[in-house]
Amino acid sequence: MNAQIIIRGARLHNLKNITVSIPKNQLVVLSGLSGSGKSTLGFDILVKESQRQYLESLGMVAFGMSKPPLDSITGLSPAISVGQRLSHHSPRSTVGTVSEVYTYLRVLYARLGHRPCPRCGQDIPPVSGAPEDWQDSPSEGDDMDAPEESFPCPHCGAPVPEIGMANFSFNKPAGACPTCTGLGSLQQANLARLVDEDKSLLNGAIIGWDMRFIRFYVSTIHAAARHYGFEFDPSLPVRALGPPQRDLLFFGASSPQFQRHFPGVQPPATVHQGRFEGIHAILLRRYAEHMHNPDYRQKMAQYLLEQTCPDCAGTRLRPESRAVTVAGMTIVDASRLPLSELSAWLEHLPSMLKAEEMTIAGPLLSDLSERAIRLVQVGLDYLTLARSSPSLSAGEAQRLRLASLLGCGLSGVLYVFEEPTIGLHQRDTHRLIESLRRLRDLGNTVLVMEHDLEMIRAADYVIDLGPGAGKHGGQIVATGAPAEVAAQAGSLTADYLAGRKSIPIPTHRRPPSGKFITIRGARQNNLQNITVRLPLGLLVAVTGVSGSGKSSLVFDILDRAARQRFYASAQAPGDHDAIEGLEHLQKGITIDQESFGRMPRSNAATYSDTYTPIRQAFAATDEARQRGLTARHFSFNLPGGRCERCQGAGTLAVKMHFLPDVEVRCPVCRGRRFTHQTLAVRYRGCDISQVLDLTVDEALQLFADVPAAASRLKVMSDVGLGYLQLGQPATTLSGGEAQRVKLAKELGRRGSGRTLYLLDEPTSGLHLEDVAHLLAVLQRLVEAGNTVVVVEHNLDLVKAADWVIDLGPEGGAAGGRIIAEGTPEQVAEAPGSYTGEYLRGLCW
């Protein structure tokens, strides 16, 4: 049996004909600068080649999955990749449903739940025994329906319906709150945003109604007006309409708001007769139809107001389900406990149960406790089962997946992780490392792409790629145990490991100017009614252990308040008393890690407005003029110069029936996106397709004489994106890369100072060498008179800040307080601060 995976002559992307051996059954770290070739080696070669070989072993043709350019690969194991892409976008998905802990919890409450009798109110103990379909391990997919049988109340004899798993599912009618259908919140149309009341219907008063919609809906409204015997003039401004007309338009013919004007009159039976839904109902219906599409949800967010469901108070469940208890705890209360507290409760639960109850629930309780403990072990102790999956960070989602992998017990597998330490405080990194080691000890090879020095030091074996990024990378710079790598020359990673290089501590810190943003009485999520002062004109780091309340403070409260003040946002800030100091600022800009485009056509060049001057430069060449080509012909999104077979994508999707679609190269343009005529035009030796394959740094040299392009490319290079290909689809960018592209776009605009920048973990995905470059950019922003607030765990950035606010002391309910604030030196001396403790060890 091969003890190593051996790759010979790998030449994919920027890999320079490398040969490398990866020891099996070890924790192996791939390190190197961003863009040095780690993802190419880990995902594009190891994972994809494993998948291709697996499909071929089943006798299936792996369309579009050709063997990567390499001489040979031997000893390859079945591979499972755990990247940073969020796979659970539905608002109905929670930490509990994804981890299946909530599924097991539902079985526990169905078996052992006590509830009050609906007639006499006396306690009804659980029915002895358990239905047969409780005997197997539960799963969300084969969940049983709620039993229809009933039994008499032991106190008053009234019929009491039996309960099952479905009664505790907010995704099933038996358990879901009927008002919000299990979402926990209700959407209302933001009519102020949706309707321009100074316009008439015919002149486009309703956002999103083109002439086709206007004609259809006006016809239906006229029919409704005839049905009720009043006039409706669509040429009047909406503001001038009378109360019945406005209520018909806004809420529809069947709504209570409109029916009050015509009591006793039956609404029209059909649309043709005037059964108009109303703007409010139309919007909510369309939103419900596209709820599982994150792009659509994001697009429609500005036209909707979200409020907590008044009937279930956000718990998602029916009243009768919320009343069931086990050892005095409802399933709602259990779901809202931090996982560390839930794990402790489950451990203590056997002592609170009777012997016959333990006979029923013993094996189930053991499985349930194990699942909860695994989530704690991977550093997710501060999360709750009720936490919505779409709200998780990339790092949290990846650690959630790691917990499930630890439970499946597979061996002989190659696991490939992409920066699992993202979003994790250094205090918690060791727990993650221990989890990865447990995965290794099951007989697996664990390959981790990582920049974190603590993770690199904990590896059994390190493979460092470089020496630079892009075309300057793609070589094996150093290999061996961490101590061996640290001793080798020519590796930036080795220099930082050995302490020969470090991010310098500023010799001068800007003092507070006396102007502050003051957030009073912050109580959102786990914040403990705190008052926080953020000094203006400084680089401010908000830090603390995972789950301590950083995002709640900066993004749920401050960001939303700034959006309300500067952009009239409809989204209300999180729970707080008041915010003072925003009057000192001109605008606020939040740069998060959400993708800036979910379509493959979107890329860094188009989003940052770099591609427009590039197209104009091509159109200005003599060759383009002679052929009659304009800037439009060099766009892959517009007809004219693009290949129409693939419509400028360069690839075609092949349906694979029971397997995911596969992208294959377009047979007409051979992946080059454009027509032969367009590709015949060259700018300094490159055609437009070749330009899209260039990295940012390469394009910066090519377009040095095009100021509009060069200035934008320079900023992208400055924020650590010099290795990025201009045409790389936005869907393939990591959260950190997407954030830096957005940051580059903002930096490319002409600023006037007095701007509040809010950044979420900007060092994600960055090598320490790149962190130094990013810090220089952030310092430049502050020097220009702006305020930069970063939510960050990376202590190299924290130690470079002017001011630090440390939240804690723990995550979840034990967090949400200010543990320390001041300069990094002052925080380092603060008692009870984990951040201070690590800062002392790192710096002073």
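Let me start with strand pairing. Strand β20, residues 539-544, pairs with β26 in the parallel sense, over four bridges. This is a predicted model, so everything I say is computed from predicted coordinates. On the other pairing, strand β25, residues 755-760, runs parallel to β26 and is joined to it by five bridges. Val790 of β26 shows up in both pairings: Ala541 has Val790 as its bridge partner, and Leu759 has Val790 as its bridge partner too.

How is β26 placed with respect to solvent, buried or exposed? Strand β26 covers residues 787-791, and five of the five are buried, so the strand is largely enclosed by the rest of the structure. In a regular strand, side chains alternate between the two faces of the sheet. Here, Thr787, Val789 and Val791 are on one side, Val788 and Val790 are on the other, and both faces are covered.

The connection from β25 to β26 goes through a helix. β25, helix α28, residues 768-783, and β26 make a right-handed β-α-β unit.

Now the helices in this part of the chain. Helix α27 is residues 735-747, and 13 of its 13 residues are buried, so α27 is largely enclosed by the rest of the structure. A quick geometry check on α27: 13 residues at 1.5 Å a residue should span 18 Å, and the end C-alpha atoms are 18 Å apart, which agrees.

Helix α26, residues 707-721, has a list of buried residues that includes Ala709, Leu713, Met716, Asp718 and Leu721. What covers the buried residues of α26? The cover includes α20, α21, α25, α27 and α28.

Between α27 and β25 there is a loop, and Arg754 lies in it. Arg754 has a phi near 55°, a positive value in a residue other than glycine. At 39% relative accessibility, Arg754 counts as partly exposed.

That takes me to backbone outliers. Most residues other than glycine have a negative phi, and most peptide bonds are trans. Besides Arg754, there is Glu419, which is not a glycine and has a positive phi of about 45°. Glu419 sits in the loop between β14 and α15. With a relative accessible area of 10%, Glu419 is buried.

On the peptide bonds, the one from Gly466 to Pro467 is cis, with omega near 0°. Pro467 is in the loop between β16 and β17. Another cis peptide bond joins Gly808 and Pro809, with omega about 5°. Pro809 is in the loop between β27 and β28.

Next, aromatics. A search of the whole structure finds 18 aromatic pairs. One of them is Tyr228 with Phe258, edge-to-face, 4.9 Å centre to centre and 85° between the planes. Tyr228 is in helix α5 and Phe258 in helix α7, so this pair ties together parts that are 30 residues apart in sequence. Both rings belong to buried residues, Tyr228 and Phe258.

Phe250 and Phe251 also form an edge-to-face pair, at 6.3 Å centre to centre and 85° between the planes. Phe250 counts as buried at 7% relative accessibility, whereas Phe251 is partly exposed at 24%. There is also a cluster: ring pairs link Trp209, Phe213, Phe216, Tyr217 and Phe276.

A few single residues. Thr40 lies in helix α1, residues 38-57, and counts as buried at 9% relative accessibility. Setting aside neighbours within four places in sequence, Thr40 is in contact with Leu12, His13, Asn14, Leu15 and Ile45.

Ser335 is in helix α11, residues 331-335. Ser335 is buried, with a relative accessible area of 7%. Not counting residues up to four places away in sequence, Ser335 touches Tyr102, Leu105, Thr384, Leu385 and Ala386.

His508 is in the loop between α18 and β18, and is exposed, with a relative accessible area of 59%. Its C-alpha atom and that of Asp802 are separated by 8.7 Å, with the two positions 294 residues apart along the chain counted as their separation.

Finally, confidence. The protein chain averages a pLDDT of 91, and 95% of the residues score at least 70. Where does pLDDT stay under 50? Over residues 129-137, for which the model has twelve contacts beyond four places in sequence.

Technical notes. Residues numbered from 1 in each chain as written. Predicted model: local features only at pLDDT ≥ 70, side-chain atom pairs only at ≥ 80, totals over all residues. Heavy atoms only, no water. pLDDT = per-residue confidence, 0-100. Contact = heavy atoms within 4.5 Å. Helix = DSSP H or I, 4+ residues; strand = E, 2+ residues; numbered from the N terminus. Expected span 1.5 Å × (residues − 1). Buried < 20%, exposed > 50% of the residue type's maximum accessible area, 1.4 Å probe, protein only. Pairing = 2+ DSSP bridges. Right-handed = clockwise from strand over helix to strand, strands pointing away. Phe/Tyr/Trp six-rings, centres within 6.5 Å; stacked < 30°, edge-to-face > 60°.
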